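Colleague: I've got this model open and I'd like to take one part of it slowly. Could you pick a single helix and walk me through how it sits among its neighbours?

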Amino acid sequence: MNVNGKEKILINLLSERGGRITAKEASFAGIHRMFLKQLADAGQIIRVERGVYQLATAQEDELLNLQHRCPTGIFSCETALFLHSLIERAPFTWTMTFKGFYHSPSLAKNGIVVKHSSKNLYPLEIVDVKTPLGNSVRAYSVERTLCEIMTAKVAADMQTIIYAIKTYVNRKEKNIPKLMQLAKIFHVEKKLRAYLEVLL
């Protein structure tokens, strides 16, 4: 494969992925890491962090950066509310949930809130959502997030909970039976019913 051919494949991949690609993704497409380094050295692409590159013209997406840095992390709590448009403003810090007792001092140092989940609950209701810049990341579903913010472990403030539930119940795509089913799993059925009685 000649250089022009590699560049064409890389540009197509970057376009498909919102201007961002990992060295692993490029490798699967037959593009060697050294070629990425050459393009970065030439200023044609930017090395955002280890193994992650983006077009020089691409806008920085902090949430996508985090997803690449922590592929097993799932955006949760107020960050998930933000991604699902169920919160009035962007949270001051991003929250990610990991399976078991994941520990990352660098995340805490950078202001990322790390939550832990049991191996049974961790994979429950993971969905793909778009960041404000249109890139795909993984977050917990609307219904799981609404239940989780009412748990003692998360304890979101009442104003946040009311706004989120009120916005959700006014949506056409709401799924109250699913919401109630998850409320049982997270042991917040009584709390949820109290909110729904007022808002429905």
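Modeller: Here's a close look at helix α8 and what packs around it. Keep in mind that this is a predicted model. Helix α8 runs over residues 158-169, so 12 residues by the helix assignment used here. From its first C-alpha to its last, α8 reaches 16 Å, close to the 16 Å expected at 1.5 Å a residue. Just at its start, have a look at D157: a side-chain oxygen there comes to within 3.1 Å of the backbone nitrogen of Q159.

Now for the inside face. The buried residues of α8 are T160, I161, A164, I165, Y168 and V169. They cover an arc of only 150 degrees around the axis, which puts them on the same side of α8. That's the usual helix geometry: 3.6 residues make a turn, so residues three or four places apart point the same way.

And what does that side meet? The buried residues of α8 pack against α5 (77-83), α7 (142-148), α9 (176-185) and α10 (189-199).

Zoom out to the largest nonpolar core, which has 25 residues, with L146, I165 and L192 making the most contacts inside it. Each of α5, α7, α8, α9 and α10 supplies at least two residues of this core, but the largest share, five residues, comes from α8. L146 is a good place to click: leaving out residues up to four places away in sequence, L146 touches L81, L86, A164, I165, Y168 and L179. Apart from that core lies another, of 14 residues, among them C70, F75, L83 and W94.

Key: Residues are numbered from 1 along each chain as its sequence is written. This is a predicted model: local features need pLDDT of at least 70, side-chain atom pairs count only at pLDDT 80 or more; totals for chains, interfaces and linings use all residues. Side-chain values use heavy atoms; hydrogens and water are left out. Helices (H or I, at least four residues) and strands (E, at least two) are DSSP runs, numbered from the N terminus. The expected span of a helix is 1.5 Å times one less than its number of residues. Buried means under 20% relative accessible area, exposed over 50%, partly exposed in between (1.4 Å probe, protein chains only). The arc is that of the directions from the helix axis to the C-beta atoms. Contact means heavy atoms within 4.5 Å. A polar contact is a pair of N or O atoms within 3.5 Å; within protein, one must be able to donate a hydrogen and the other to accept it, and residues adjacent in sequence count only if both atoms are side-chain atoms. A nonpolar core is a set of buried Ala, Val, Leu, Ile, Met, Phe, Trp, Tyr and Cys residues joined through side-chain atoms within 4.5 Å.
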